[in-house]
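Colleague: I should be grateful for a close look at a single strand of this protein and its surroundings. Please define the terms as you go.

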Amino acid sequence: MIHVANYAEGYVFVHAGVVALNGKALVLPGTSFAGKSTLTAALVRAGAAYYSDEYAVLDDEGFVHPYARDLSMRKPGDALQRSMPVSELGGSIGAGRLPVSMIVFTHYVKGSHWSAQSVSHGLALLEMLKHSIPVQRTPIRVMATLAAMLRNATAWTSSRGEADATSAALLASLSCAHNNNNIQGLR
């Protein structure tokens, strides 16, 4: 799959979880073991449409497309992954391209509490580059795509505790008509 992510014409693959609510996408960039699949699953259980727990697939205009393979879930403390269909979460799979409304840089820290800090578009772009698969091969195209994605998005960062508590607050913010650079209930 990494070959496709690196050479897909017209698309940039970013290592991230993606969900959607009310026509708005939430992107969760992260490395393996950061907890992005766990948070993605919690968001789907809470009512978000599932787009991916592996890649945010962005077109040249910065819109995200579904990459809805089964989730790859780990049990706590276990490196082995198991495939989990979205239906096991009681969720639905998203369809069609969407604008990215929120980008959340987070990772699980036991006992942590979410304390959202706004991230500038410049810093968000730099952080997204770390997770972009074809960046070494096509850096100018990747940067242009990420810049297009960020045009109408807000970006936030914080460590997080349990996924269910964080997912409820993220969905409340995503469901608002306007982000207004504020994540409700998270500050």
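Modeller: The account below follows strand β1 through its pairing, its hairpin, one of its residues and the core to which it contributes.

This is a predicted model, in which local features need pLDDT of at least 70 and side-chain atom pairs count only at pLDDT 80 or more, whereas totals for chains, interfaces and linings use all residues. Residues are numbered from 1 along each chain as its sequence is written, and side-chain values use heavy atoms, with hydrogens and water left out.

Helices (H or I, at least four residues) and strands (E, at least two) are DSSP runs, numbered from the N terminus. Strand β1 covers residues 11-21. Of its 11 residues, 10 are buried, so β1 is largely enclosed by the rest of the structure. Here buried means under 20% relative accessible area, exposed means over 50%, and partly exposed lies in between (1.4 Å probe, protein chains only).

Pairing comes next; two strands pair if DSSP finds at least two bridges between them. β1 and β2 (24-29) are antiparallel and share 6 bridges, with G17 opposite L28 of β2. β1 also runs antiparallel to β4, to which 5 bridges join it; there F13 has V57 as its bridge partner. A further 3 bridges connect β1 with strand β3 (residues 49-52), again in the antiparallel sense, and in β3 the partner of V19 is Y50.

The hairpin of β1 and β2 has 2 residues between the strands. N22 is found in this loop, and its phi is near 50 degrees, a positive value in a residue other than glycine. At 58% relative accessibility, N22 counts as exposed.

H15, by contrast, lies within strand β1 and is buried, with a relative accessible area of 14%. Contact means heavy atoms within 4.5 Å. Not counting residues up to four places away in sequence, H15 touches P29, G30, T31, S32, K36, E54, Y55 and H131. The side chains of H15 and K36 are joined by a polar contact of 3.4 Å. A polar contact is a pair of N or O atoms within 3.5 Å; within protein, one must be able to donate a hydrogen and the other to accept it, and residues adjacent in sequence count only if both atoms are side-chain atoms. H15 and S132 are 117 residues apart in sequence, yet their C-alpha atoms are 6.3 Å apart in space.

The strand also contributes to a nonpolar core, that is, a set of buried Ala, Val, Leu, Ile, Met, Phe, Trp, Tyr and Cys residues joined through side-chain atoms within 4.5 Å. The largest such core has 26 residues, and V100, I103 and L146 have the most contacts inside it. Two or more residues come from each of β1, β2, β4 (55-59), β9, α3 (121-131) and α4 (139-150). Among these, β1 gives the most, with 5 residues. L146 is in contact with V14, L58, L125, M128, L129 and S132, leaving aside its neighbours within four places in sequence. In soluble globular proteins, nonpolar side chains tend to be buried together.

Finally, β1 is one of the elements against which the buried residues of α5 pack; the others are β2, α2 (36-45), β9 (100-108) and β11 (154-160). The buried residues of α5 are A163, T166, S167, A169, L170, L171, S173 and L174.
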